[in-house]
Amino acid sequence: MSNIILLSFMLLTSTSRATTAFISSLSTHIRLIGSHHNTNRLTMSFEFQQPDAQYPYTPPAWASPLTNVPKKRLKLAHLPTPIQLIGSNRSTRQRKNSSSILSRLKELNIKLYIKRDDATGGVELGGNKLRKLEFLLADALETGCDSVVTIGGEQSNHCRATAAAARMVGLSPNLILRTRRADKIHEKTDELGFEGNILFDRMMGSTIYTCTPGEYGRVGSNKLVQHVCDYIATKDGGKPYAIPVGGSNGVGSWGYINAVDELMNQMESMKQDSTSSDFNLDHVVFATGSGGTAAGISLGLSMAYGSLGPSATDTSCPKLHAVGVCDNPAYFYDTMALIANEMGASLDKTTDQFIREAVTVHNGKGRGYALSTEDELDFILQFSLETGIALDPVYSGKALYHFVKQVVENDVESYRNKNVLFWHTGGALGIYEKGNDLLHKFSEVSPVKRVDVYGLNGVKEITD
């Protein structure tokens, strides 16, 4: 039985619909129990999280077209994650040779909302991967596994979150990291180091295996994971659980069926506010690197809006945009269709046809996976100056840059006067690797000055 803390407090405010909507969006555990002299008395219940506790899973009613439903889930994430409206009327800091992002959105009357899935957990857990891991690790525990094996890039957010979450539930993490330095690291002529996500991988005591990008491409991620699983089972007699790249399969993607249900509840709360009763989203934008988050969002929103199934007639579903940060659109369409099949999608058309109709995949990889252009880094820096929100250079930064600078600008009238939600999938630790690339920009945006404590000149500016 879970332990419950009840916290009662007085909220001094009027009993308006806006207040009620705000209250309901805070937590499903908040309950309005009375009012006196224009004061609402609220009871809030907080449930202690026990990471390794498995909970029976009941999917949203609208998810009935998906038949392969997980039996259990964990509760690791801090949910619901907030939605923030990015103010386009605030003063923006103008930089040399950089245009204001928010000023352009204001000019087009585009309202940008950010779904903050970078806030699903602490620095070691935060990001979209944690939603998937709630289902994947529940399956690992249910099947009696004692360790996990997964794979990703050298600065993989997924591997970092998997390592931390695995330790939380008592499983040993094994990570396969793809790096061009694999041979040099093995020969001791280079070090894996402790930068960004790798620092947390190693703090969690992960056993780290390396492979080159060429080996990854030739052998394939699933075979590499299985190879390490076989090695662990043979060498140690353990029972490892295989997690695919990005946690993207028919189990993990249920995390984003749940996320869509969360979003729909938040939108309903917004509509209860008299000032936004007609609120709807026109476009939903998200990065995709392994296809699992994209599959979950695409299936989830299509089902939630009633545009999936034999009686599909609803056309109010927002237009969905998956911005690929690697590979090509055909790869992501195929991967999402495969995941939909694994989830047991029962449709009136082929899953491939459905996916291609439900979501538009844009090629936003730029120079390639985890490789940044000067313009992308400039956009990330400008966005942080104007909003206080850090985008990562591998996923969210590439995706929002491509959508704002390419997709919108190439078809301005389709986006003018629209509501756009960008699903921030986290990964800000990846910016550490780009520190040297950003260094020359910092003298302009973040000057360093010396305080002249004993003199009369106030401060002294430090110059290079």
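Which residue forms a salt bridge with K235? The partner is D236, and the closest N and O atoms of the two are 3.4 Å apart. This pair is a friendly way into the structure, which is a predicted model. A search of the whole structure finds 17 salt bridges, while the disulfide count comes to zero. The points below go through selected salt bridges, then the cysteines, then a few backbone features.

**Salt bridges on exposed and partly exposed residues**

- Both members of the K235 and D236 pair count as exposed: K235 has a relative accessibility of 52%, and D236 has a relative accessible area of 53%. Each value qualifies because the cut-off for exposed is over 50%.
- R416 and E413 also meet through their side chains in a salt bridge, with an N to O distance of 2.9 Å.
- The two residues of that bridge fall into separate classes: E413 is exposed at 55% relative accessibility, whereas R416 is partly exposed at 28%.

**A buried salt bridge and its network**

- R131 and E262 form a salt bridge between their side chains, at 2.9 Å from N to O.
- This bridge ties together distant parts of the chain, with R131 in helix α3 (residues 129-142) and E262 in helix α9 (residues 254-272), 131 residues apart.
- Is R131 buried or exposed? R131 is buried, its relative accessible area being 2%.
- E262 is buried too, with a relative accessible area of 11%. Both residues earn that label because buried means under 20% relative accessible area.
- The pair also belongs to a wider arrangement: K115, D117, R131 and E262 are linked in a network of salt bridges.

**Cysteines without a disulfide**

- A disulfide is a covalent bond between the sulfur atoms of two cysteines.
- The count of such bonds in this model is zero. C145 is one of the cysteines to look at here: C145 is in no disulfide, and the nearest cysteine sulfur, that of C229, is 8.4 Å away.
- Why does C229 not bond to C145? The sulfur of C145 is the closest cysteine sulfur to that of C229, yet at 8.4 Å it is too far for a bond, because a disulfide needs the two sulfur atoms within 2.5 Å.
- Both of these cysteines are buried: C145 has a relative accessibility of 10%, and C229 has a relative accessible area of 5%.

**Backbone features in loops**

- Where is the cis peptide bond that involves P80? The bond runs from L79 to P80, and its omega is near 0°.
- P80 itself sits in the loop between β5 (72-73) and β6 (83-86).
- K188 is not a glycine, yet its phi is positive, near 70°. This lysine is found in the loop between α5 (182-186) and α6 (197-203).
- K188 counts as exposed, with 71% relative accessibility.
- A370 likewise has a positive phi, of about 65°, although it is not a glycine. The place of A370 is in the loop between β14 (359-363) and α13 (374-387).

Methods. Residues numbered from 1 in each chain as written. Predicted model: local features only at pLDDT ≥ 70, side-chain atom pairs only at ≥ 80, totals over all residues. Heavy atoms only, no water. Helix = DSSP H or I, 4+ residues; strand = E, 2+ residues; numbered from the N terminus. Buried < 20%, exposed > 50% of the residue type's maximum accessible area, 1.4 Å probe, protein only. Salt bridge = Lys/Arg side-chain N within 4 Å of Asp/Glu carboxyl O.
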